[in-house]
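Colleague: I would like to learn how to read a model like this one. Could we go through it together?

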Amino acid sequence: QVQLVESGGGLVQPGESLSLSCAASRDIFDINVMGWYRQAPGKQRELVAAITSGGTTTFADSVKGRFTISRDNAKNTVYLQMNNLKPEDSAVYYCTVQGRFRSSTYTRNYWGQGTQVTVSS
């Protein structure tokens, strides 16, 4: 069964930090890109950050300098460290990994269940 388990969301005040994690099941292989998207009510889903198997990272302009993405290949896990959080960061955050399921020759994206991040004073 393909499964991505997210954790780390919650309610914080502006300026505080949160750390998200997402562990992919062990039957997803050759994971090249791992990343995080977010979606706020009434808004389009947007890419927050991504990291390749070679360590290349990309960030949305709105989070540059505040968020850090990392991965642990031995644990099939991707992390998102969010510092100096702002109310505009409030959204449901979804992790995604791009890889192959078992012996499949096709790659596709697999998604986590989503975790709520709320930044409010």
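Colleague: Let's start with Arg102: is it buried, partly exposed or exposed?

Modeller: This is a predicted model, so please take every value as computed from it. Buried means under 20% relative accessible area and exposed means over 50%, with partly exposed in between. Arg102 has a relative accessible area of 48%, so it is partly exposed. You will find Arg102 in the loop between S10 and strand S11 (108–111).

Colleague: What is the phi of Arg102?

Modeller: The general idea comes first: most residues other than glycine have a negative phi. Arg102 has a positive value, near 50 degrees, and it is not a glycine. Asn76 is another case, with a positive phi of about 50 degrees in a residue that is not a glycine.

Colleague: Where does Asn76 lie, and is it buried or exposed?

Modeller: Asn76 lies in the loop between S8 and S9. Its relative accessibility is 14%, and because the limit for buried is 20%, Asn76 counts as buried.

Colleague: Now the overall fold. How many helices and strands are there in the protein chain?

Modeller: The protein chain has zero helices and 12 strands. Reading from the N terminus, you meet β elements from start to end.

Colleague: What does the radius of gyration tell me here?

Modeller: One way to read it is against the value for a compact globule. For 121 residues that value would be near 14 Å, and the protein chain has 14 Å, so the two agree. You can also look at the box that the C-alpha atoms fill, roughly 50 × 25 × 25 Å along the principal axes.

Colleague: How much of the protein chain is buried?

Modeller: Of its 121 residues, 38% count as buried. On the outside, the protein chain exposes about 6,600 Å², with carbon and sulfur atoms supplying 47% of that area.

Colleague: And which residues have the most contacts inside the largest nonpolar core?

Modeller: They are Trp36, Leu80, Met82 and Tyr93, in a core of 28 residues. Several strands each supply at least two residues of this core, including S3 (18–24), S5 (33–39), S9 (77–82) and S10 (91–101). Trp36 lies in strand S5, and with a relative accessible area of 0% it is buried.

Colleague: What is Tyr93 in contact with, leaving aside its neighbours within four places in sequence?

Modeller: A contact here means heavy atoms within 4.5 Å. Among the partners of Tyr93 are Glu6, Leu20, Trp36, Val48, Phe67, Leu80, Met82 and Val117. For the protein chain as a whole, take the contacts between residues at least 6 apart in sequence: 56% of these join residues at least 24 apart.

Colleague: Could we try a residue outside that list? Where does Gln98 lie, and which residues does it touch?

Modeller: Gln98 lies in strand S10. Not counting residues up to four places away in sequence, Gln98 touches Asp30, Ile31, Asn32, Val33, Arg108 and Asn109. With a relative accessible area of 27%, Gln98 is partly exposed. Gln98 and Trp111 are 13 residues apart in sequence, and their C-alpha atoms are 9.1 Å apart in space.

Colleague: One last item, the charges. How many are positive, how many are negative, and how far apart are their mean positions?

Modeller: The protein chain has 12 positive and 9 negative charges, and their mean positions are 5 Å apart.

Key. Residues are numbered from 1 along each chain as its sequence is written. This is a predicted model: local features need pLDDT of at least 70, side-chain atom pairs count only at pLDDT 80 or more; totals for chains, interfaces and linings use all residues. Side-chain values use heavy atoms; hydrogens and water are left out. Helices (H or I, at least four residues) and strands (E, at least two) are DSSP runs, numbered from the N terminus. The radius of gyration is taken over C-alpha atoms; the globule rule is 2.2 Å times the number of residues to the power 0.38. Buried means under 20% relative accessible area, exposed over 50%, partly exposed in between (1.4 Å probe, protein chains only). Accessible areas come from the Shrake-Rupley method with a 1.4 Å probe; for residues, only the protein chains shown count as cover. Lys and Arg count as positive and Asp and Glu as negative; His and the chain ends are not counted. The place of a charge is taken as NZ of Lys, CZ of Arg, CG of Asp or CD of Glu. A nonpolar core is a set of buried Ala, Val, Leu, Ile, Met, Phe, Trp, Tyr and Cys residues joined through side-chain atoms within 4.5 Å.
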